[in-house]
Amino acid sequence: MIEAFGWGGLGAAALLVGALAAYLFDPSRQVMAVIMALGTGLLIGSVSFELVDEALKHQAVAWVALLVLVGAATFTIGDWLLTRNGGGERKDADGAQAEGNPLAIVLGSVLDGIPESFVLGLTVLQGGVSVSLLAGVALSNLPEGMSSSSGLKVAGWPRGRVLVMWTLVVLVSAVSAAAGYVLLDPHSGRTGALVQAFAAGALLAMLADTLLPEAYKVEGVLTGPLVVAGFAFSLALSAI
């Protein structure tokens with residue numbers, strides 16, 4: 001469990017790297033969008049190979065499909081509630097966060113990080129951290145840290161306050177990875193398979209709701225090929 005905690009924190013640490021890059025170098029939106037799209041493809045591959053496929057070994061297709069939908073619905077409801085309370089623009093790079101609720105922005109970022117970190121804990125349980133999933137988590141967190149922090153910088157947030165926020169998110173992500181290690185045990189049979197399916201749905205909903213729209217705003221039709229490239233890279237990494 002301690003190992004899962006460490007890997008979860010490492011994957012989420014890309015948020016801090018992205019925040020520092022935003023305050024020190026002011027990266028372009030094009031760079032952030034490309035990384036978002038590639039990270040999305042990597043994570044879709046990880047969901048396919050390491051969650052859904054594993055869940056189907058222990059549970060009927062109908063139950064897996066149902067829990068994928070439940071996981072997606074759970075994330076969507078949480079995202080909707082936070083959006084209503086001022087966290088909807090947490091990834092905007094142009095400073096729209098100035099109109100939002102700081103607490104909702106923090107909670108929204110925590111919500112985004114939980115599904116991917118939760119799944120990361122499973123791969124540690126299976127014998128070693130998944131290289132493709134860790135790369136996908138890092139590639140999704142890096143532009144999130146950049147984009148959100150760029151907007152918070154424009155909105156007037158001091159760097160120290162932003163770094164404290166991301167440190168909190170990193171800690172929650174590490175705890176989520178440890179929880180995934182405990183709860184996603186494939187040897188728990190039918191129950192473990194249902195939790196895996198739930199996590200897969202939540203992770204897919206997070207990608208569709210928070211990463212892909214931001215990438216498409218900048219890259220347009222190139223978003224699709226970039227996502228597929230990330231998926232293909234995930235295939236290659238899964239063979240390592």
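How many helices and strands make up the secondary structure of the protein? With the whole chain of this predicted model in view, colour by secondary structure and count eight helices and zero strands, which follow one another along the sequence in the pattern α-α-α-α-α-α-α-α.

Stay with the whole chain and switch on the surface. The accessible surface comes to about 10,100 Å², and 71% of that area belongs to carbon and sulfur atoms, while 52% of the 240 residues count as buried. If you then display contacts between residues at least 6 apart in sequence, 85% of them join residues at least 24 apart.

Next, select helix α7, residues 190-219, and show the side chains of Lys217 and Glu214, which lie three residues apart in that helix and are therefore separated by about one helical turn. These two side chains meet in a salt bridge, with a distance of 3.4 Å from N to O, and the structure holds one salt bridge. Is each partner buried or exposed? Lys217 is exposed, with a relative accessible area of 52%, whereas Glu214, at 14%, is buried.

Finally, select Met1 together with Val182 and Leu183, and look at the surface that they share: these residues make a nonpolar patch of about 300 Å². Met1 is found in the segment before α1, the helix that spans residues 2-24, and with a relative accessible area of 51% Met1 is exposed; the cut-off for that word is over 50%.

Key
Residues numbered from 1 in each chain as written. Predicted model: local features only at pLDDT ≥ 70, side-chain atom pairs only at ≥ 80, totals over all residues. Heavy atoms only, no water. Patch = residues over 30% accessible without salt bridge, like charges linked within 9 Å, V, L, I, M, F, W, Y side chains within 5 Å. Areas by Shrake-Rupley, 256 points an atom, 1.4 Å probe, with all protein chains shown as cover. Salt bridge = Lys/Arg side-chain N within 4 Å of Asp/Glu carboxyl O. Helix = DSSP H or I, 4+ residues; strand = E, 2+ residues; numbered from the N terminus. Buried < 20%, exposed > 50% of the residue type's maximum accessible area, 1.4 Å probe, protein only. Contact = heavy atoms within 4.5 Å.
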